[in-house]
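Let's take a walk through this model together, with the structure open beside the text. Please keep the viewer handy as each part comes up.

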Amino acid sequence: MRIVVGITGGIAAYKAPELVRLLKKAGHEVRCAATEHALEFVTRTTLETVSQNSLYCDLFASGRTEHISLKDWGEMLVIAPATANIIGKVANGIADDALSTLLLAFSGKPVIMAPAMNCEMWAHPAVQRNIETLKSWGIRMVGPEEGELACGVSGVGRMAEPAAIAAAVYAAVQPQQLQGQHWLVTAGPTYERIDSVRFIGNYSSGKMGFALAQTLADAGAEVELVSGPTSLSINHPRIHRTSVESAREMYAAATEAFPRCNGAILSAAVADYRPSECTDHKLKKNGSEGMHLDLVQNPDILATLGSMKTSEQTLVGFALETDNEEANAQHKLEKKNLDYIVLNSLRDKGAGFGVDTNKVTIIGRNGSRKESPLMSKQEVAHLIIKTITL
Ligand code: CTP
């Protein structure tokens, strides 16, 4: 897609080059347009270097009507950061510089804004009224987020992170081919209690499952996200999150949701075993003696869904293997009655728990096989969804 990134004069402008880089990496062509004040925070050279295109910031440069040629060129306009000033101008039809003129000319095409300002400015009724006006015209807002602001106070006003803005761009360009569908995703680790303060857990961060939920929702599906303990947050109107702790809680939530779903992707790292007993007080050391934990097996959520599955439903599991990877994955696919299994090999550097990247092989019950290079978990999620919903 050809995207114009508009930058206005707020401190968050220093993050604009990162946004441009992410959009370029996703395969888009980018041109930047900046206000005069934006160039107090980020330089022309930086924006031209990352976009590999000349910057548009002077309405009267050599007498050209560049706001018109740029609006003809661009298929989407992303304003990041969007100050209270540009929001107010557009809401009231004011076009007094290069960017505001481009914005008014850019009608009938998608516009995304990432507001950023001091929290009291954000809360001002004039700004809120202008935001509502822009939203009613179909302009999509990403953020602002709560956090520490450049002026030293904390509150709502921080610009959304470039990755979140890039994800909103992705969502806006995605065809909604899963509209009307329901999907279940499990994510994260499970914690199996030993006593009132200790548990057996694993290093799963939940990132892969959250990326899958986001991608499904972006494609139009309603998503039931059943997640074990994780620090991740997700905010999407079509993602309905149930937070659980143990494998048995995850089992209850997943088996309850599955019958109303078109498909399920189980990416959670479920503990295979739990302590046979859990005390409600803290266990004390017993002199210098060692300790034995008696473990019992947890229910296998994936295998249970495999036995419940109808011919209309798609079931996808993950396999984390260290040796005999493909044969083990194939065996799991058959044993648990899956349609696809996503194989992670722990031998691949950059794949697996905690990291932001992954490298997978997607094996289908019909014999299909797709191998990915090392990619971000977001990109792996897109590949998985594309493969299983074709
Ligand atoms: N899984 C599950 N419930 C469990 C254990 C695993 O739903 N109690 C799911 C995982 O979410 C994943 C898949 O099963 O999608 C593979 O998990 P894995 O632990 O690799 O498979 P196991 O069947 O436990 O096989 P093994 O321990 O022999 O590797």
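Pro-144 sits in the loop between β5 and β6, the latter spanning residues 145-148. This is a predicted model, and in it the peptide bond that joins Gly-143 and Pro-144 is cis, with omega at about 5°. A cis bond also links Ala-80 to Pro-81, where omega is near 0°. Pro-81, however, belongs to a strand, β3, which covers residues 76-82.

While you are looking at the backbone, have a look at Gln-52 as well. Its phi is near 55°, a positive value in a residue other than glycine. You will find Gln-52 in the loop that runs between α2 (44-51) and α3 (66-73).

Now let's turn to the open spaces. How much space lies in the largest pocket? The volume comes to about 1600 Å³. Its lining is made up of 39 residues, and those nearest the centre are Ala-163, Ala-164, Ala-167, Gln-214 and Gln-378. The elements that contribute two or more residues to this lining are α1 (16-25), β5 (140-141), α8 (162-173), α9 (207-218) and α13 (377-389). Helix α8 provides the largest share, with eight residues. Sorted by class, the lining of the largest pocket holds 20 nonpolar, 10 polar and nine charged residues.

The second largest pocket has a volume of about 870 Å³. Here 36 residues form the lining, and Ala-268, Ala-269, Val-270, Phe-318 and Leu-320 are the ones nearest the centre. At least two residues each come from α9, α11 (301-308), β16 (314-321) and α12 (325-335). Which of the elements gives the most to this lining? That is α12, with four residues. The lining of the second largest pocket divides into 13 nonpolar, 16 polar and seven charged residues.

Where, then, does the ligand sit? The space it takes is the second largest pocket. Try displaying the residues that surround the ligand: Leu-266, Ala-268, Val-270, Asp-272, Pro-299, Asp-300, Ile-301, Leu-302, Gly-317, Phe-318, Lys-332 and Lys-336. Among them, Ala-268, Val-270 and Phe-318 may look familiar, as they were named with the centre of the second largest pocket. Helix α11 and strand β16 each supply at least two residues of this shell. By class, the shell around the ligand contains seven nonpolar residues, one polar residue and four charged ones.

With the shell in view, you can pick out individual polar contacts. A polar side-chain atom of Lys-336 lies 2.5 Å from an oxygen atom of the ligand. The backbone takes part too: a backbone N or O atom of Leu-266 is 2.6 Å from a ligand oxygen atom, and a backbone N or O atom of Ile-301 is 3.0 Å from a ligand nitrogen atom. As for how much of the ligand is covered, taken alone the ligand exposes 580 Å², and the protein buries 76% of that.

To retrace the path, you started at the cis bond between Gly-143 and Pro-144, passed through the largest pocket with its 39 lining residues, and ended at the ligand in the second largest pocket.

Technical notes:
Residues are numbered from 1 along each chain as its sequence is written. This is a predicted model: local features need pLDDT of at least 70, side-chain atom pairs count only at pLDDT 80 or more; totals for chains, interfaces and linings use all residues. Side-chain values use heavy atoms; hydrogens and water are left out. On a 1 Å grid over the protein atoms alone, a cavity is a set of points where a 1.4 Å probe fits but cannot get out, and a pocket is an open set with protein on both sides within 12 Å along at least five of seven lines; lining residues have an atom within 4 Å of a point. Grid points are joined across faces, edges and corners, and a volume is the space filled by probe spheres set on the points. Ala, Val, Leu, Ile, Met, Phe, Trp, Tyr, Cys and Pro count as nonpolar, Asp, Glu, Lys and Arg as charged, and the others, Gly among them, as polar. A residue is near a molecule or strand if one of its heavy atoms lies within 4 Å of it. A polar contact is a pair of N or O atoms within 3.5 Å; within protein, one must be able to donate a hydrogen and the other to accept it, and residues adjacent in sequence count only if both atoms are side-chain atoms. Accessible areas come from the Shrake-Rupley method with a 1.4 Å probe; for residues, only the protein chains shown count as cover. A molecule sits in a cavity or pocket if more than half of its atoms lie within 2 Å of its grid points.
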